[in-house]
Amino acid sequence: MNMGGYETRKTEKDTAVLVALINKNQPEEKVIEYLDELAFLAETLGLNVVKTFTQRMDRPEIKTFVGKGKLEEIGAFVKVEEVNTVIFDDDLSPSQMRNLEKELQVKLYDRSLLILDIFLKRAQTAQAKTQVELARSNYLLPRLTNMWTHLERQRGGTGTRGGAGEKEIETDRRNIRNTIVVLKKKLEKIEKQNAVQRKSRTGVVRVALVGYTNVGKSTIMRMMTKADVLAENKLFATVDSTVRKVVIETVPFLLSDTVGFIRKLPTHLIESFKSTLDEVREADILLHVVDVSHPFFQDQIETVNKTLVDIDAADKPTLMVFNKIDQFKNDIDPEILEEMENPPLSLDQLKASYIGKGETEAVFISATKKENIAELRRAIFKKVEKKHMTIFPNYLKNEYY
């Protein structure tokens, strides 16, 4: 999928255009990758992307995010093509949201709201749904515009707070504040119940799958546990944490699949998902899954590592699991490779750079093709057994359970 300014025909889905700012020094391939990801997010929510708009600017225009000429271009296209959604690849300030909504007269998404709505659509458990609703309410409170309210209508009559003529948006703000209070209380109750459940797991080594979204964590989870775990080629296929017991060579541990990380993950979402991310924070071992076939997998590794730092989970024993080796491609012409200042590594070179170097441990697998799975299990076994010995000095492999 190449999103660099392309157009497609409309379908019966709601149509959308993408808008992104490009740093003047940003390489074109990175821009295309970012737009691809934004389009994938839009498609995950069920939107059909029909065009992208980009503008090279070091920082957003304070009032309308993009410049006046670009905004007019977007507005003209949206009107002529009857597009009903415009998606921005960065967060919009409340004032930018209001100005753009007034100018474009269509539904607006910025990156955070798009991700929040995807999470809301995919959440299954009461905890996840409550977490996402809380994050969304907190995010929308200062951004209420005509997208969610009929601002021009006045609430008349007597007996209402604020008196006759109170604007409906003021009522909506108050309703959202009340909703936030209710959701917080509900979430506190759920988190207390989950804390009790987690305490019951003490004495068992806990392993958590982490990684960028759509790298194959759920496929590995399903393969390791033989459980019916959803695994789709979609962003954020997993929102709720899933925990299963696994035994390798008589050594038991709990394996959890957690929500995938992504660049610019909304702060409100991280804050609201603290209890779900406790599966990562409280894990004894992390399996950091990487889609090695992705052209920017190194950037994805950095994003995940940064998020782990943000949630205070970066200092745990970690096994790097480079997945999708069956899709790895490095078929660049040798002559071009010689001319490149920083040529990409071959798979063998990549393995050599990780395996047996320093304290970093890594395995290279294909979960879908079942390649090197025995090696993965051995590596997990060694880490889990070592952790058992650390936690329980008198641990005997055949007598502990």
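# Exercises on strand, helix and core packing

Strand β9, residues 251-257, is mostly covered, with seven of its seven residues buried. The model examined in these exercises is predicted.

## Exercise 1. The surroundings of β9

Task: Determine which residues of β9 are buried on each side, and which partners pair with the strand.

Solution.

Step 1. Take the faces separately. In a regular strand the side chains alternate between the two faces of the sheet. On one side of β9 lie Val-251, Phe-253, Leu-255 and Asp-257, and on the other Pro-252, Leu-254 and Ser-256; all of these are buried, and both faces are covered.

Step 2. Identify the parallel partner. Strand β7 (residues 206-211) runs parallel to β9 and is joined to it by four bridges. Within this pairing, Arg-206 stands opposite Leu-254.

Step 3. Identify the antiparallel partner. Seven bridges link β9 to strand β8 (residues 242-248) in the antiparallel sense. Here Val-247 is the residue opposite Pro-252.

Step 4. Examine the connection. β8 and β9 form a hairpin with two residues between the strands, and Glu-249 takes a positive phi there.

## Exercise 2. Two residues with positive phi

Task: Glu-249 and Lys-324 each have a positive phi. Where is each found, and is each buried, partly exposed or exposed?

Solution.

Step 1. Recall the background. Most residues other than glycine have a negative phi, and most peptide bonds are trans.

Step 2. Consider Glu-249. Its phi is near 50°, and its place is the loop between β8 and β9. The relative accessible area of Glu-249 is 49%, so the residue is partly exposed.

Step 3. Consider Lys-324. Its phi is near 65°, and it is found in the loop between β11 (318-323) and α11 (334-339). Buried means under 20% relative accessible area; Lys-324 has 16% relative accessibility and therefore counts as buried.

## Exercise 3. A four-stranded sheet and its helix

Task: Establish the strand order of the open sheet that contains β1, and describe how helix α3 packs on the sheet.

Solution.

Step 1. Read the order. Four strands make up the open sheet, arranged β2-β1-β3-β4 with parallel pairing. The edge strands, each pairing on one side only, are β2 (47-56) and β4 (107-109). From one strand to the next the twist averages 20°.

Step 2. Inspect the pairing of β3 and β4. Strand β3 (residues 85-88) is joined to β4 by three bridges, and the two run parallel. Ile-87 is set opposite Tyr-109 of β4.

Step 3. Add the helix. α3 (residues 94-104) packs on the sheet and touches β3 and β4; the direction of α3 makes about 145° with that of β4.

## Exercise 4. The environment of Ile-22

Task: Decide whether Ile-22 is buried or exposed, and find which residues it contacts beyond its sequence neighbours.

Solution.

Step 1. Locate the residue. Ile-22 belongs to strand β1 (residues 14-22).

Step 2. Assess the accessibility. The relative accessible area of Ile-22 is 5%, so the residue is buried.

Step 3. List the contacts. Leaving aside neighbours within four places in sequence, Ile-22 is in contact with Val-31, Thr-54, Gln-55, Arg-56 and Met-57. Ile-22 and Met-57 lie 35 residues apart in sequence, while their C-alpha atoms are 5.9 Å apart.

## Exercise 5. The crossing of α1 and α4

Task: What is the relation between the axes of α1 and α4, and which residues meet?

Solution.

Step 1. Take the geometry. Helix α1 (residues 28-44) and helix α4 (residues 111-122) pack at about 40°, and their axes are 9 Å apart.

Step 2. Classify the angle. Angles under 35 degrees count as roughly parallel, and 65 to 115 as roughly perpendicular; α1 and α4 are therefore oblique to each other. The crossing is left-handed.

Step 3. Name the interface. From α1, Glu-37, Leu-38, Leu-41, Ala-42 and Thr-44 meet Arg-111, Leu-114, Ile-115, Ile-118, Lys-121 and Arg-122 of α4.

## Exercise 6. The nonpolar cores

Task: Which residues have the most contacts inside the largest nonpolar core?

Solution.

Step 1. Recall the tendency. In soluble globular proteins, nonpolar side chains tend to be buried together.

Step 2. Describe the largest core. It has 65 residues, and those with the most contacts inside it are Ile-220 and Leu-376. Not counting residues up to four places away in sequence, Ile-220 touches Leu-209, Val-289, Val-321, Ile-365, Ala-367 and Leu-376.

Step 3. Locate the other core. Apart from the largest core lies another, of 21 residues, including Val-17, Met-57, Leu-100 and Leu-108.

Note on methods:
Residues are numbered from 1 along each chain as its sequence is written. This is a predicted model: local features need pLDDT of at least 70, side-chain atom pairs count only at pLDDT 80 or more; totals for chains, interfaces and linings use all residues. Side-chain values use heavy atoms; hydrogens and water are left out. Two strands pair if DSSP finds at least two bridges between them. Axes are lines fitted to C-alpha atoms, for helices over the stretch in contact, and angles run from 0 to 180 degrees between N-to-C directions. Contact means heavy atoms within 4.5 Å. A nonpolar core is a set of buried Ala, Val, Leu, Ile, Met, Phe, Trp, Tyr and Cys residues joined through side-chain atoms within 4.5 Å. Buried means under 20% relative accessible area, exposed over 50%, partly exposed in between (1.4 Å probe, protein chains only). Angles under 35 degrees count as roughly parallel, over 145 as roughly antiparallel, 65 to 115 as roughly perpendicular and the rest as oblique. A crossing is left-handed if the near helix is turned anticlockwise from the far one by less than a right angle, and right-handed if clockwise.
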